[in-house]
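Welcome! Here are some exercises to work through with the structure on your screen. Try each task before you read its solution.

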Amino acid sequence: MTTKLKSFLPLLGIAALAIALLVVAPAVLSDLRLNNLAKYCCWAMVAVGIGLAWGRGGMLVMGQGVFFALGAYAMGMHMQLESVGDGGIPTFMILYDPLAPLPAFWEPFRSGAFTIAMIVVAPVVVASILGFAIFKRRVKGAYFAILTQALAVALATLISGTIKYTGGDTGLSGFTSFFGYTLDDPLNRRLIFTITATLLVGCLVVAWQLYRSRFGELLVATRDAEERVRFLGYDPANIKLVAFVVAAVMASIGGAMFVPIVGIMAPKSMDAAASIFFIAGVALGGRAALFGPVLGALAVGYGQSTLSEQWPGTWIYVLGLLFIVVTIALPGGIASLATRGAGLLARLRSSDRKAASA
Amino acid sequence: MTERHLHPDALLVRDLSVSFDGFKAVSGVDVSFAPGELHFLIGPNGAGKTTLVDALTGLVKGTGSASYGGKELLGLRSHKIVRAGVGRTFQTATVFDQLTVLQNLDIAAGLHRPAWRLAFARHGVPAAVDEALEKIGLSDLRHKPAGVLAHGQKQWLEIGMLLVQDARVMFLDETVAGMSADERAETGELLRRIGRERTIVVIEHDMDFVRNHADVVTVMHAGKVLAEGSVAEIQANEAVQEVYLGRTAKGNVHA
Ligand SMILES: Nc1ncnc2c1ncn2[C@@H]1O[C@H](COP(=O)(O)OP(=O)(O)OP(=O)(O)O)[C@@H](O)[C@H]1O
Ligand SMILES: [Mg+2]
């Protein structure tokens, strides 16, 4: 019974985070800071997915920018079209070629429902195809990491090179409204924060359920002894595929919300460097712990904004240094401090008892 | 011999060969494994015992045929072979160290559950898991991570995993190697108990253990089957004596 209770304990943590984000933060933070926090929440969603794929599944996904971009560009196209109104054409396209018609693949994104569907369906389809090809061929370890990273590079290059259709390096921007809500209104921006924070809490609940489920056990088993899992009658490729797809969907949702919050989506938000930045927060926070990736991503996001404002250029070195220190001194990330502390306490107590009985 | 070959639930291996870059680790092996007997596979180091089992469980490619329950096993992938009812353990115990004994058994039982149930947590202990815990004597250690188990206990856990998997054919690769005398005796008892309605094939070097528990012994040497029969028949076989006497100290087979 106690073990059963224990497995629900993390829900309390999720509830605490939900209260901090949904009640406390809006009450104490300025509009600007709240908007920044919303941005970190987007990165945190990507991080929860990475925690699942990498922390629990052992797949070092170095190209989550690909899925981040799928959601972000879907949302960006929709908001761009919404901003120019019925039948309108995005300004960057007109600047490029005043007579060009709207590219066919943009057209369906006029529909909000289609856009929301694509934010989920596109990463599922892309990650399934990619994952199937990768895992059935038994590509793993460093090869897997490099391959995913290469995909992020390729997609960023593709977007940069197709200015006519995607806005290229300048990206998509100049949005004025989000599903009918004007972005000028601070109240609406707070609404967007609330949606984002709620989605993040949702991602955490999904991760919590997956971790405690039999699938979670199987995923850890696959991470630790992939070939052995075959002898339980499972194809490990399928198990990894599920985790990879779920992680992709989380990254895509994070990317989608990033667009109304930041107001611009360009390749530099999803390229190789951005993809590594996603990983850094997860590694710092603790990749296998439920809360490690979220807290790590929020902290790194915060550090990025504040430190890079004060000492531009230094931040990346601070992050690099932190990364090295944590991976060497604390491989389980900052989240492992809690369990280490508990372990130390228990040891102290038992040695006390021994001393007392002696 | 003939009636064993005709057993409807026997695993029939015909002309099985495995080569590694031209080196024939297993060549032209014919053997049948039938339910209800403890079948031992013995032979000197490098004889091809593990490779034979590897081929039958999809770990290495083999030529020839191996049919079980109307299915051809060669060419199937490992997880399909497991689902066909053929399971195995490994020479070095490979349990999932991070998971508890209970979790190890529970995920092994998973292949009989529909896939969607993976999305949910375990509630209580499934009956098959409880039964297996009892049989392998690890009930008291159910909440311990498998990584902390002693060598022998890990081997039992692996057998337990085959039990909940409900493997009808079990290949056990040097399960009792490194166990104490007591543990060996217990393992022997366990195998007898679970072997009544299953096909159990044990790879073993320890001749005392073989003598105490074998119903049928197949001797392999240099990739081929050298002899097959009861313990007495094997001990009387001159070819077998020659192979063993040529390699190891006198009396290993006799004693
Ligand atoms: N993957 C491999 N590649 C090349 N040669 C191999 C491979 N696996 C096994 N062999 C060789 O095949 C032969 C048979 O090995 P195998 O492991 O089947 O022997 P064994 O009878 O199980 O021996 P032991 O009692 O020592 O476990 C050995 O000569 C071994 O070196
Ligand atoms: Mg061997």
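**Exercise 1: placing a methionine**

In which helix of chain A is the place of A:M75? Then work out whether A:M75 is buried or exposed, and find what surrounds it.

Solution. Before you begin, keep in mind that this is a predicted model.

Step 1. Find the element: A:M75 belongs to helix α3 of chain A.

Step 2. Check the accessibility. A residue is called buried when its relative accessible area is under 20%. A:M75 has 3% relative accessibility, so it counts as buried.

Step 3. List the contacts, leaving aside neighbours within four places in sequence. A:M75 is in contact with A:T115, A:I119, A:F178, A:F179, A:A256, A:V259 and A:P260.

Step 4. Compare sequence with space for one chosen pair. A:M75 and A:C203 are 128 residues apart in sequence, and their C-alpha atoms are 19 Å apart in space.

**Exercise 2: pairs of rings**

How many aromatic pairs are there over all chains? Classify the pair A:F68 and A:F258, then the pair A:F178 and A:F179.

Solution.

Step 1. Recall the rule for pairing: ring centres must lie within 6.5 Å, and planes over 60 degrees apart count as edge-to-face. By this rule, the count over all chains is 18 aromatic pairs.

Step 2. Apply the rule to A:F68 and A:F258. Their ring centres are 5.2 Å apart and their planes stand at 65°, so this pair is edge-to-face.

Step 3. Ask where the two partners sit. A:F68 lies in helix α3 (residues 65-84) of chain A and A:F258 in helix α11 (residues 236-262) of chain A, so the pair ties together parts that are 190 residues apart in sequence.

Step 4. Add the burial. A:F68 is buried, with a relative accessible area of 0%, and A:F258 is buried too, at 4%.

Step 5. Now take the second pair. The rings of A:F178 and A:F179 have centres 5.0 Å apart and planes at 80°, so this pair is edge-to-face. A:F178 counts as buried at 6% relative accessibility, whereas A:F179 is partly exposed at 30%.

Step 6. Look for a wider group. A:F68 and A:F258 belong to one aromatic cluster together with A:Y40, A:W43, A:F277 and A:F278.

**Exercise 3: charges over rings**

Which ring does A:R56 lie over, and over which ring does the charged end of A:R212 sit?

Solution.

Step 1. For A:R56, the ring is that of A:Y211: the arginine lies over its face, at 3.8 Å from the ring centre.

Step 2. For A:R212, the charged end sits over the ring of A:F8, 4.8 Å from its centre.

**Exercise 4: a threonine and its polar partners**

Which backbone atoms lie by a polar atom of the side chain of A:T166?

Solution.

Step 1. Locate the residue. A:T166 lies in helix α7 (residues 163-166) of chain A, and at 13% relative accessibility it counts as buried.

Step 2. Find the polar partners. The backbone oxygen of A:I159 is 2.9 Å from a polar atom of the A:T166 side chain. The backbone nitrogen of A:G168 is 3.2 Å from a polar atom of that side chain.

Step 3. Add the contacts, not counting residues up to four places away in sequence: A:T166 touches A:Y73, A:F92, A:I159, A:G171 and A:L172.

**Exercise 5: across to the other chain**

Which residues of chain A does B:H79 touch?

Solution.

Step 1. Place the histidine: B:H79 is in helix α3 (residues 78-83) of chain B.

Step 2. Read its burial: B:H79 is buried, with a relative accessible area of 6%.

Step 3. Name the partners: B:H79 touches A:R230, A:G233, A:Y234 and A:D235.

**Exercise 6: two chains as wholes**

How many helices and strands does each chain have? What does the radius of gyration say about each chain?

Solution.

Step 1. Chain A has 15 helices and four strands. Its radius of gyration is 22 Å, close to the 21 Å that the globule rule gives for 358 residues, so chain A is as compact as a globular protein of that length.

Step 2. Chain B has ten helices and ten strands. A compact globule of 255 residues would have a radius of gyration near 18 Å, and the 18 Å of chain B agrees.

Step 3. Finish with burial: 49% of the 358 residues in chain A are buried, and 53% of the 255 residues of chain B count as buried.

How values were computed: Residues numbered from 1 in each chain as written. Chains lettered and ligands numbered in written order. Predicted model: local features only at pLDDT ≥ 70, side-chain atom pairs only at ≥ 80, totals over all residues. Heavy atoms only, no water. Phe/Tyr/Trp six-rings, centres within 6.5 Å; stacked < 30°, edge-to-face > 60°. Helix = DSSP H or I, 4+ residues; strand = E, 2+ residues; numbered from the N terminus. Buried < 20%, exposed > 50% of the residue type's maximum accessible area, 1.4 Å probe, protein only. Lys NZ or Arg CZ within 6 Å of the ring centre and 35° of its normal. Polar contact = N/O pair within 3.5 Å; in protein donor to acceptor, adjacent residues only side chain to side chain. Contact = heavy atoms within 4.5 Å. Rg over C-alpha atoms; globule rule 2.2 N^0.38 Å.
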